[in-house]
Amino acid sequence: MHVLYEEDGAFKTATILADNETSLQVETASGKRAKIKTANVLLRYLEPPPSELLGRADSLAEGIEAEFLWECAGDGEFSFSDFADEYFGGSGHRATPVEASALLLALHSAPVHFHRKGKGRFRKAPPDILAAALAGLEKKRQQALAIERMVGELKKFRLPPEFAPLLSQLLYKPDRNRFETRALEAASADTGLSVPHLLEKCGAIPSAHNYHFQRFLLEHFPRGIVFPDTAIPLLPTALPRANVQAFSIDDAATTEIDDAFSLQPLPGVGWRVGIHIAAPGLGFAPDSPLGEMARERLSTVYMPGNKITMLPATFVERFTLAAGRECPAVSLYLTVTPEFEIVAHETQIDCVPIVANLRHHDIEPLFNEQTLAAGLPEFAFNAELKTLWQLANACEGRRGKPSAMQGNNDYNFSIDGDPADAESCRVDISERKRGSPLDKLVAELMIVANSTWGGLLAEKGVPAIYRVQHGGKVRMTTSPQPHDGLGVAQYAWSSSPLRRYVDLLNQWQLIACLNGAPPYFHAKSDALFAALRDFELTYNAYAEFQRGMERYWCLRWLRQEGVQRIEGVVRRENLVKLDHLPLIQRVNSVPELKSGQRLRLSIESVDYLTLELGCRYVETLDRIEKLAEVPDETLEVVV
């Protein structure tokens, strides 16, 4: 006697060796002996041998149509063996083991038409459920055909028409439930190309610049970068006019001019130094439409050839410290002795005449370490700049810390053309050594302002957001704690309110403090902690995007200039800083060299979509450079 039984969802056959009522000892066709439960047995039979039953039944089942079976079956529950008797011969006929097994296989393989009820029993699906299931199967079949068609088009580097409205989703947030995504992934696997590279070959990515920019916008500006219409407040008119001649110091591309300086002689005392910060906080409150816009964006986004401002351009233009205007400002006035000691300070809200916007490229050829040593030539504000520089040196000495700018480089990108059409653009990259007298002047006076105002807010018990450094780690907090890297008791960013929300928030708090009004943000308020957390995350994300876009334009520059070989300096292990570019590149072929060792590399490949640069080590050069130690607090004095 042989048996057909079910085990682990599969049908098997065997010969009975011993029948123990609730279990059977059997021998399978392969000769293996096993113990099975009697409850799992579906059919007992004499012929054919176990090795032949399922093969013959499977051949017979191929000719059985599920639709016809469904028509033949009654509405109630039934056993496959009873149904086999009726199907293969009608009344009085008993189906052979092969016929019964064939019908079992046919029923089992048609789950849409027949629902299993256990141990060889079935029930046909109700008509409405069957119709819905068949419609679903047809839909899947059509989708499979569509996927096959789309994969074929993609492999020929043609974009299927269904892809056009879904490109952003397919590139940046693919939904694997969509058959377009599955087709794209299949074509990517077949071609060996990444999804972005495949879509680029299909003409779906107009430029790599657009690819990177749109990905950033989708994540951080899902509603777009156009500001909603809102009323731009007028400049305050009731402010006292400062009796100064103030000037700013910025690079050529700066439009959000946040800070300016003034210098007045004080006979018998020394000087009165003014540090004037633009006062957008006088124009709107945190809960106003403009305040909500600033809170949402949190910072201006910078990138070569473009920027996304934190505030509308019309508002920035109204409050920026532009030359030839009298601008509202929060001003810190320092009383400085001839020995450059700061003996007193006061903070005022006033209207400051801005007489000049000095630009680095105009002033640095005239005001630098060499001209200071040899004697400054005649130019506007030369005496004021020298005095402020001397004050900056004294401040640096009192802090006991070297200038945070020292030994690092700035890189300015000039993009001639529309960045969206990068192929037609020309990019120029200029390198500028930081730590110049102008850099030190601005950095040190900003440290004075930010630490002084942080101390004032702490003294008055007004909540603010501070930057703290301890053990080399910089973090933001609402507690006025020391910043070890700068050597100050507290440090509250307050000097860039047109482009950083934390500075604007601190300015609102400072204005309230000076006016004797309740602060906008109270201690331990959810709004204060949320602003701190969101700003830190967003500011870091914006900075990462800026670095990515700078890398993109560096790769463009390498191809534009036809650079085949380039020199660099080993930073550590196989990390190499390329000369005259803000690029630190990992080069696996670099042998074990000391930090500071100069070498020459070959440019092997450039990928604008992944921003990967392939370099190969060529040779070690004789000279070794002493690497500048770039302190962790470098970002603290960016103005």
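How do the residues of the lining of the second largest pocket divide into nonpolar, polar and charged? That one gets its own legend below, after a look at the whole chain. Keep in mind throughout that this is a predicted model.

**Figure 1. The whole chain, before zooming in.** Here we have 639 residues, and 50% of them count as buried. The protein chain contains 17 helices and 24 strands. Its C-alpha trace spans about 130 × 65 × 50 Å along the principal axes. The radius of gyration is 38 Å, whereas a compact globule of 639 residues would come out near 26 Å.

**Figure 2. The second largest pocket and its lining.** This pocket has a volume of about 360 Å³. Its lining is made of 17 residues, and the closest to the pocket centre are Phe221, Arg223, Gly224, Glu296 and Arg297. Back to the opening question: the lining divides into nine nonpolar, three polar and five charged residues. Helices H10 (289-297) and H17 each supply at least two lining residues. H10 has the largest share, with five.

**Figure 3. Just past H10: Leu298.** Stepping out of H10, we meet Leu298 in the loop that runs from H10 to strand S12 (301-303). Its phi is near 75°, which is a positive value in a residue other than glycine. Most residues other than glycine have a negative phi. Is Leu298 buried or exposed? Its relative accessibility is 3%, so Leu298 counts as buried.

**Figure 4. Another positive phi, at Phe381.** Phe381 belongs to the loop between helix H13 (369-374) and helix H14 (382-399). Its phi is near 70°, again a positive value in a residue other than glycine. Phe381 has a relative accessibility of 17%; the cut-off for buried is under 20%, so Phe381 counts as buried.

**Figure 5. A cis peptide bond at Pro48.** The peptide bond to look for here runs from Glu47 to Pro48: it is cis, with omega near -5°. Most peptide bonds are trans. Pro48 itself is placed in the loop between strand S5 (41-45) and helix H1 (50-61).

**Figure 6. Two aromatic pairs side by side.** The model has 23 aromatic pairs. One of them joins Tyr87 and Phe88, with 5.0 Å from centre to centre and 85° between the planes, an edge-to-face arrangement. Both partners are partly exposed: Tyr87 has 24% relative accessibility, and Phe88 has 23%. Now for the pair of Phe216 and Phe545: the ring centres are 3.9 Å apart and the planes meet at 10°, so this pair is stacked. Which helices does the stacked pair tie together? Phe216 lies in helix H9 (residues 208-220) and Phe545 in helix H17 (residues 526-560), so the pair links parts that are 329 residues apart in sequence. Phe216 is buried at 5% relative accessibility, and Phe545 is buried too, at 9%.

**Figure 7. A ring cluster, and charges over rings.** Ring pairs join Phe284, Phe315, Phe319, Tyr501, Trp508 and Tyr520 into a cluster. Elsewhere, look for lysines paired with rings. The charged end of Lys124 sits over the ring of Trp70, 4.3 Å from the ring centre. Likewise, the charged end of Lys201 sits over the ring of Phe157, with 5.4 Å to the ring centre.

**Figure 8. The largest cavity.** The structure holds one cavity of 30 Å³ or more. The largest cavity encloses about 40 Å³ of space. Around it are Ile277, Val330, Trp453, Ser494, Asn506, Gln507 and Leu510. Helix H16 (residues 501-515) gives the most to this lining, with three residues. By type, the lining has four nonpolar, three polar and no charged residues.

**Figure 9. Far along the chain, brought together in space.** Val442 is in helix H15 (residues 437-460) and counts as buried, at 6% relative accessibility. Val442 and Ser248 are 194 residues apart in sequence, yet 9.5 Å apart in space, C-alpha to C-alpha. Ala523 sits in the loop between H16 and H17. With a relative accessible area of 58%, Ala523 is exposed. Between Ala523 and Gly461 there are 8.8 Å in space, C-alpha to C-alpha, and they are 62 residues apart in sequence.

Terms used:
Residues numbered from 1 in each chain as written. Predicted model: local features only at pLDDT ≥ 70, side-chain atom pairs only at ≥ 80, totals over all residues. Heavy atoms only, no water. Phe/Tyr/Trp six-rings, centres within 6.5 Å; stacked < 30°, edge-to-face > 60°. Buried < 20%, exposed > 50% of the residue type's maximum accessible area, 1.4 Å probe, protein only. Helix = DSSP H or I, 4+ residues; strand = E, 2+ residues; numbered from the N terminus. Lys NZ or Arg CZ within 6 Å of the ring centre and 35° of its normal. 1 Å grid on protein atoms, 1.4 Å probe; cavity = no way out; pocket = protein on both sides within 12 Å on 5 of 7 lines; lining within 4 Å. Points joined across faces, edges and corners; volume = space filled by probe spheres on them. Nonpolar A, V, L, I, M, F, W, Y, C, P; charged D, E, K, R; others polar. Rg over C-alpha atoms; globule rule 2.2 N^0.38 Å.
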